[in-house]
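Subject: Handover of a structure

Dear colleague,

Please find the structure below, followed by an account of what was found in it. I should be grateful if you would read the two side by side.

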Amino acid sequence: VQISVDYTRCEGHGLCEDQAPEVFSLDDAGDLHYRFEGQDVPPDHATAAGRGAASCPVAALKVVP
Amino acid sequence: MTSTAAVPTYQADIYTDEALLEPYEHYRALRDLGPAVWLEAHGAYAVTRYADARAVLANTEDFHSANGIALNEPANSAILGCTLASDGELHAHLRQVVAHRLTPRSLRPMRETVTERADELVAELVQRRSFDAVSDLARALPLSIVPDFIGWPTEGREHLLRWAGANFDSFGPLNERAQQALPQCGEMAGFGAEIVRTGNVLPGSLGASVLESRDKGDITTEQTMMLMLDYLAPSLDTTISAVGSAIWLFGQFPDQWDRIREDPSLIPNAVNEVVRYESPIRAFGRLAVNDTEVDGVPIPAGSRVLVVYAAANRDERKFTDPDVFDVTRADAVHQLGFGYGEHGCAGQALARMEAESLLAALARTVTRFELGRPERALNNLIRALGSLPVTVHTEG
């Protein structure tokens, strides 16, 4: 499973970070950093990544099966 | 537009006083009837199941906001071209002018102000012990924060709540509430236009930056007028509704308040749960611009589709025991009360900040909310209390 991140749509609401800080983080500029950019999410992080993606209020994060 | 045999229909008017007071059985019936249900009384398809509601909000190709938000033509025409009622590139462009001022990061400097005001307000009310949780608490904070933030001139503020309420009433079916509201929406638009003409906004405010965007040529004067109202009208009643409902719920479910007091880190989730349980915005519409479907139910091009957030947020297909108020609910964050996707509420960070600050201030001192008799404020779009007498008990 992969997570696609639409960085232009991300407004830095930070709900993904609340849900899965080990996968998503916002820096001091409010920009999103996604730990597994462009790669498959390792199985031990898949649940957290999915939870973070599902919490995005503006649909900037999507789970790609 | 007529319904086909395959499409379940629902006869009842879901905007009568009775239905607005007790909506949840209607919503359950609609969810059980199917993914999309033809509302005879309103000439629209209701989408009330969580997964379908979310899918419609995400599908901006087939479901448009322009001419789709309200359940009646006059209101849709009046708001055409504002961020709420635009699509695609125009929407992205308009949203960009304002949304960057509303992100959690941009709002960071506001946190101190909001927290301080919430603390002061709560300290004063706790001292009084008995107060109205709507007028003295829920309304007081947003009114002391939002008009300044938007930069609205001091004169004219006395009309804000009436105008904002009218705005939301106008989005319903063209019932008596909506008909009475429409002229007042005109008043508000007139006031907004006047502000744009005279440039009478507080320096450094969101409104001032909207005017700068106009001066730079990023947006037209007409768009500027729309944007002046776009974020003001929705930023008051919604937050007021959520805060009033929070006190009402914590008064009824004191064990949930104990949870918050034991672990204040639950407050952000509690705000999600309040918004899930008593969604401030009942529903927004969309216009199907192509022949499409909702989970197998055909929706012809030109149909109105009503996405009922308040029903989706109580969907038993999504939430376990949806009629239980539970501040520890793990998936409360999935609630659709702020909408979802491209049109997801741009002001939610500010709304969350206000609600969280008030609950945090209350949790430090208040052990119990003793409720008096609540009165509902009936509005076509907003579910809210108009009055909630409360006596607070404190430790010691």
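Is helix α13(B) largely enclosed by the rest of the structure or not, and how many of its residues are buried? Of the 20 residues of α13(B), 18 are buried, so this helix is largely enclosed by the rest of the structure; buried means under 20% relative accessible area, exposed over 50%, and partly exposed in between, with a 1.4 Å probe and protein chains only.

This is a predicted model, in which local features need pLDDT of at least 70 and side-chain atom pairs count only at pLDDT 80 or more, while totals for chains, interfaces and linings use all residues. Residues are numbered from 1 along each chain as its sequence is written, chains are lettered from A and ligands numbered from 1 in the order in which they are written, and side-chain values use heavy atoms, with hydrogens and water left out.

Helices (H or I, at least four residues) and strands (E, at least two) are DSSP runs, numbered from the N terminus. Helix α13 of chain B covers residues 233-252, and its end C-alpha atoms are 30 Å apart, which agrees with the 28 Å expected at 1.5 Å a residue; the expected span is 1.5 Å times one less than the number of residues.

The axes of α13(B) and α14(B) come within 5 Å and cross at roughly 105 degrees. Axes are lines fitted to C-alpha atoms, for helices over the stretch in contact, and angles run from 0 to 180 degrees between N-to-C directions. The two helices α13(B) and α14(B) are therefore roughly perpendicular, a term for angles of 65 to 115 degrees (under 35 is roughly parallel, over 145 roughly antiparallel, the rest oblique). Phe250(B), Gly251(B) and Gln252(B) of α13(B) make the contact with Pro254(B), Gln256(B), Trp257(B) and Ile260(B) of α14(B), where contact means heavy atoms within 4.5 Å.

Helix α14 (residues 254-262) of chain B also packs with helix α17 (residues 348-365) of chain B, at about 90 degrees and with axes 9 Å apart. On the α14(B) side, Trp257(B), Ile260(B) and Arg261(B) take part, meeting residues of α17(B) that include Leu359(B) and Leu362(B).

Chain B also holds an open sheet of six strands in the order β1-β2-β3-β9-β6-β4, with mixed pairing; two strands pair if DSSP finds at least two bridges between them. Strands β1 and β4 of chain B stand at the edges with a single partner strand each, so one side of each is left without a neighbour in the sheet.

Yours sincerely
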